[in-house]
Amino acid sequence: MQALLVFLSIAALSLLASSRALDPGRFPALARLAASGFLFVLLGILLGPSASGLLSERNLEELRPVMALGLGTAGVLLGLNLEPRLLRSLPRPVYLSAMAHSGTAFFFVALPLLVPLVFTTVRGWVGALGAAAMLGAAASLSSGHSAVLAYRAGRLDRARGLGVAVLTMLDDAVGLGVLALALMIGSADNVGEGLGLVCLALLLGVMCGALLAFLTHSLKDLAELTTVTLGGVALVGGAAAYLRVSPLLAGVACGATLAVVGGRVAERVARALGRVERPVFLVLVFLVGCSVHAREYWAWVLMPAFVGLRFLGKMVGGRLAGRLARSALVLPPRLGYALIAQGGLALCLVAEYGMLVPGVLARRVLDVVVMAAVVNELLAGQAFQYVVDPSKGVMASASADTKVAA
Amino acid sequence: MKGAVVRLLLLVVLLAIISRAQVLRADSGTPVLLAAGALLLCGLFAGKVAKGLGLPRLTGYLLVGVAVGPYALGFIPNAGVKGLELVKGLAVSLIALVAGTELRLGLIRRVGARVALLCAAVCGATFLVCFGATFALKPVLPFLADMTMPQALAVSALLSTVVVSFSPTVTIAIVQETRARGTFTEFLMALVIIGDLLVMVAFAVAAGLTKASFGGGLDVTGLLGGVGWELFGSVVVGMVLAVGMLVYMRGVNRELPLFLVGLCFAAAEGGTRLHLSPLLVSLAAGALIANLDEHAGERIHHAIQQAGLPVFALFFAAAGAGLKLDSLLTVGPAALLLVALRGAAIWFSCRRFAPVDDPRMRRYLWMGLISQAGVTFGLAALVSRTFPTFGPQVEVLIVAMITAHELVGPVLTRRALAASGEIRTDDVQGTA
């Protein structure tokens, strides 16, 4: 029954999001949240165990396979974006620039927040270090969707929009790297075993990716291709969940393997997966929202600090990144403001961490990051106005964002 | 076909590796998603292999499910298969929705009365044969041996009612797969659907009588209310769904396959919770749409064909994985005897009572009535839950029969359609 409830809630919200009730002119913040999918996080919090309690902890436990499917899908899509040709063509300053903006935000958040985490946990400094690293990783991530939407709507130069998009794509690697590190520390009794589990996830992903490339190689029928793609994603996410390793990392390894060995097949798989990407993402963020413990006061204390420190980190990191990439990319003058939106991967990282690492710290990390992601999404709408041409107006931009996203 | 075999073998090897890795890993997580992904992929390629061998795809789905499932190779844990119940409900709803779009008023007027008569004859004859055989086996069947005469009669009637049931799901899936069209196909589909309704009513009556024979008293009002709610309530809810679908198709008109999957999912889950028949809900919805707006019915048909492949492959592979092969061994002789008698009764009643104007009916119709699947499973589980003293043993016997019927039924249904000449030529040759 709980699955039916999830379905009905999401269907109702999808209809609401696509209807005229959410007019960007009247409710710009709400329209922005609906377009980015973050409204579903709020809905999840409302229906979850910590607020109305319509979905209990047990219900969420039963919905774990759906969560694993969402994480696996996100991972495969991320991995498919790791196109070797594109990555090879990028000059070194671009990588340095991406490392600069994400690394700065990482350290701005992880180091100061390590202190309260150490003092409020009984798991010792190693556990706190892993949690702080996850907060840093989530802070380092930025979403490029505002920039892409802005250039598509003609409010930003195409080159600048793409520049921002490239930088935000590369910071995903930092986030995933830190996730792997944090899982090594926290998901097993010792680091050696943790390393083994991360390697198992990657190996599983590579095997599934290679198999998926072979299975889809000669398929011409679209329905069959979609079926095999969905089955492959479910297989990699499901196998990882069954073996209690990371579905996200396994998915990334699967997608990357497919991108490397699959050739044109990878494009077709990406297209097939693109058809279910949005609904799967919405269900995932809804479930992540359900997992938030809204009554956990420590999360409310840490969240403003996270948002503030991340903002500072992005401002400084953005300036640094702009200088480093000057010779290779055309970037907007106030780059930091374009990097405020956090995007869905941050939610995936903390959801994964929460699933695999037991304890209060992992739960707290999830609470802080999920609530901060919603706040950052709202802030990003205002912040991006400093990046685009101010003469175009706030209203028009919000409207265009929503239209293109729809 | 060689490519499909290689792909299937590679998938099985990967599953073996995952299964081995799980043994080495101390704690394991939920296997539901693994079961879904593995059965979907294995089912799809096994369907291709089966088609290459001239068998229905559905047989491939079922057999590969049996092979990798918990009762054979054991690569997929039982908990994973059980977790796919939701998909089963969804598949039944989707299949029934498509079947409903075939139920035009003209067709019902044309063949309705003849189908109902034949259905009553086939069900009656099969019931009598199975009832007699079960009662005769009283000394041999452990759950009947110690019962009084009235109790044994009532339980035999209950068991025989379940044994009579057909499988609209399998029949419609085979018709969809082979794209068979024509009077024979229409007649067969109408027969299994009406047979299903008849069995639902008969089962409620038999269950009431059994309860009374065990001292529970005969609650006629409750009995009629329950049957009425299941039948008429389902039709009313189905009509509401139909109106919802038509409004969506006229108003929103985007992502129809996704919308239909969502709606059928809601119908399956909600219908079960409200003690309605999800099959009848979707059947009524499909029939109403097709009769109100023919174009909308065709669009639904097309949309489900797009979304149906993964759902059907997963549904039947999961059904195969859930088949308890061990039960076939424990109650095998009695089950096989009942399987043979049921087949003979269906064959005889079709030869005797089928319409004379079309010789194909008398020759081939019986083959389309052998399959048993979802409805029978559901009724067997209901017997087990309602009568905890003897129900589980009855369920084992029925599941053993379903196992046999699931393996031969789809092949026979396809053969019947092929023999009737209503399958598309390329499918008959197995080249499509």
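Helices are DSSP runs of H or I at least four residues long, and they are numbered from the N terminus. The legends below describe close-up views of a predicted model.

**Figure 1. Overview of chain A in the predicted model.** Chain A contains 19 helices and 0 strands. Of its 406 residues, 59% are buried. When contacts between residues at least 6 apart in sequence are considered, 81% of those in chain A join residues at least 24 apart.

**Figure 2. Surroundings of Ala110(A) in helix H7 of chain A.** Helix H7 covers residues 92–119 and includes Ala110(A). Within 10 Å of Ala110(A) lie 24 other C-beta atoms; a residue with 20 or more such neighbours is classed as buried, and Ala110(A) is therefore buried. Leaving aside residues up to four places away in sequence, Ala110(A) touches Ala132(A), Ala133(A), Leu135(A) and Gly136(A). For one of these partners, Ala132(A), the C-alpha atom is separated from that of Ala110(A) by 4.9 Å, although the two residues stand 22 residues apart along the chain.

**Figure 3. Crossing of helices H5 and H13 of chain A.** Helix H5(A) comprises residues 64–81, and its axis comes within 6 Å of that of H13(A), with a crossing angle of roughly 35°. The crossing is right-handed. Residues contributed by H5(A) include Ala68(A), Leu71(A), Gly72(A), Gly75(A) and Gly79(A). Those contributed by H13(A) include Pro247(A), Gly251(A), Cys254(A), Gly255(A) and Leu258(A). By residue class, the contact of H5(A) with H13(A) consists of 17 nonpolar and 6 polar residues, with no charged ones.

**Figure 4. Arg244(A), in the loop between helices H12 and H13 of chain A.** This loop joins helix H12 (222–242) to helix H13 (247–261). Arg244(A) has a phi near 55°, a positive value in a residue other than glycine. Most residues other than glycine have a negative phi. Arg244(A) counts as buried because 20 C-beta neighbours fall inside 10 Å.

**Figure 5. Arg179(B), in the loop between helices H9 and H10 of chain B.** The flanking helices are H9 (168–178) and H10 (183–213). Phi of Arg179(B), a residue other than glycine, is positive and near 55°. Arg179(B) has 15 C-beta neighbours inside 10 Å and therefore counts as partly exposed.

**Figure 6. Helix H1 of chain B and the helices packed against its buried residues.** H1(B) has 23 residues, which at 1.5 Å a residue should span 33 Å; its end C-alpha atoms are 33 Å apart, so the expected and modelled spans agree. The buried residues of H1(B) are Arg7(B), Leu8(B), Leu11(B), Leu14(B), Leu15(B), Ile18(B) and Gln22(B). In chain A, they pack against helix H11 (191–216) and H12. In chain B, they pack against H2 and helix H3 (57–68).

**Figure 7. Contact between chains A and B, with the side formed by chain B.** Chain B provides 35 residues to the contact and chain A provides 32 residues. On the side of chain B that touches chain A, at least two residues come from each of helices H1 (2–24), H2 (32–52), H12 (256–273) and H14 (294–321) of chain B. H2(B) gives the largest share, 9 residues. The residues on this side of chain B comprise 20 nonpolar, 10 polar and 5 charged.

Conventions. Residues are numbered from 1 along each chain as its sequence is written. Chains are lettered from A and ligands numbered from 1 in the order in which they are written. This is a predicted model: local features need pLDDT of at least 70, side-chain atom pairs count only at pLDDT 80 or more; totals for chains, interfaces and linings use all residues. A residue is buried if 20 or more other C-beta atoms lie within 10 Å of its own, exposed if 12 or fewer, and partly exposed in between; C-beta atoms are placed from the backbone. Two residues are in contact if their C-beta atoms, placed from the backbone, lie within 7 Å. Ala, Val, Leu, Ile, Met, Phe, Trp, Tyr, Cys and Pro count as nonpolar, Asp, Glu, Lys and Arg as charged, and the others, Gly among them, as polar. The expected span of a helix is 1.5 Å times one less than its number of residues. Axes are lines fitted to C-alpha atoms, for helices over the stretch in contact, and angles run from 0 to 180 degrees between N-to-C directions. A crossing is left-handed if the near helix is turned anticlockwise from the far one by less than a right angle, and right-handed if clockwise.
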